[in-house]
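Thank you for making room on the agenda for this one. I would like to walk through a single chain, going from the overall picture down to a few backbone details.

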Amino acid sequence: MERIIDLDHAAAVVAERTGPWLAAGLTVGQVTWRDHAVPWPEQLETDRSLVRDPDSVGVLISGPGDAGLSVALFRGGWADVDYFDGLDDGGPIPAFGITSAAAFGTQLDQWVPRAFGNLG
C-alpha cells in the first residue's frame, strides 16, 4: 500500500481535537493502530510502540442518544467512516483522496458535526 499519509501526524490531528470534543460532551475512544507487518487477522493496538509498520489509525467517537462516528484512516489516503446521528440518519461517508494529515483534520471537522450536530 502506497504511503500517502503519515499516520503519526494523523493521530496528532485527532489528539488536537480531543479536548474540544470532550468539552462538547462527546466520548473519544483510544486511538487504535493496525500493523501491516502482522499476519491476518490483524489485531488493533492502542499502544503505538507495538506497531512496526502502521497501515491504519482509527478512533471511535460517541455522543448523546447513541450517536457515534467511527473513523479508520489508511496510509493510502482513504478512510472507512461510518456514523449514526442517534435519530434516523447514518451510514458510511465516502472518504477518499485524503492527501495529508491536515486534510484529514479538515475532513474530521466535517464528519463530527454530521454525526453530532453543531457542537457550539
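Let me begin with a term: I will call a residue buried when its relative accessible area is under 20%, and exposed when that value is over 50%. Please also keep in mind throughout that what you have in front of you is a predicted model. With that cut-off, buried residues make up 38% of the 120 residues in the chain.

As for the overall layout, the chain has two helices and six strands, and if we follow the elements from the N terminus on, they run α-β-β-β-β-β-β-α. The radius of gyration is 14 Å, which agrees with the value near 14 Å that a compact globule of 120 residues would have. Along the principal axes, the C-alpha atoms fill a box of roughly 40 × 25 × 25 Å. If we take the contacts between residues at least 6 apart in sequence, 48% of them join residues at least 24 apart.

A word on the surface. The accessible area of the chain comes to about 6,600 Å², and carbon and sulfur atoms account for 53% of that. The chain carries 7 positive and 17 negative charges, and the mean positions of the two sets are 7 Å apart.

Now to the strands, where I would start with strand 3, which spans residues 54-62. Seven of the nine residues of strand 3 are buried, so we can describe this strand as mostly covered, given the cut-off of under 20%. Which strands pair with strand 3? Strand 1, residues 27-28, is joined to strand 3 by two bridges in an antiparallel arrangement, and here Val 28 stands opposite Ile 61. Strand 2 also pairs with strand 3 in the antiparallel sense, over four bridges, with Arg 34 opposite Ser 56. Strand 4 is joined to strand 3 by seven bridges, and these two strands run antiparallel as well; within that pairing, Gly 58 has Ala 72 as its bridge partner, while Ser 62 stands opposite Gly 68.

Strand 4 itself, residues 68-74, is mostly covered too, with five of its seven residues buried. Strand 4 is also joined by seven bridges to strand 5, residues 78-84, again running antiparallel, and in this pairing Leu 69 has Tyr 83 as its bridge partner.

That brings me to the turns and the backbone angles. As background, most residues other than glycine have a negative phi, and most peptide bonds are trans. The hairpin of strand 3 and strand 4 has five residues between the strands, and Gly 65 takes a positive phi near 65 degrees there. In the hairpin of strand 4 and strand 5, with three residues between the strands, Gly 77 has a positive phi near 105 degrees.

Asp 66 deserves a separate mention, since this residue is not a glycine and still has a positive phi of about 65 degrees. Where does Asp 66 lie? Asp 66 is in the loop between strand 3 and strand 4, and this residue is exposed, because its relative accessible area of 69% is over 50%.

The last detail concerns a peptide bond: the one from Trp 40 to Pro 41 is cis, with omega near -5 degrees. Pro 41 has its place in the loop between strand 2, residues 32-35, and strand 3.

Note on methods
Residues numbered from 1 in each chain as written. Predicted model: local features only at pLDDT ≥ 70, side-chain atom pairs only at ≥ 80, totals over all residues. Heavy atoms only, no water. Rg over C-alpha atoms; globule rule 2.2 N^0.38 Å. Buried < 20%, exposed > 50% of the residue type's maximum accessible area, 1.4 Å probe, protein only. Contact = heavy atoms within 4.5 Å. Areas by Shrake-Rupley, 256 points an atom, 1.4 Å probe, with all protein chains shown as cover. Lys, Arg positive; Asp, Glu negative; His and termini not counted. Charge placed at Lys NZ, Arg CZ, Asp CG, Glu CD. Pairing = 2+ DSSP bridges.
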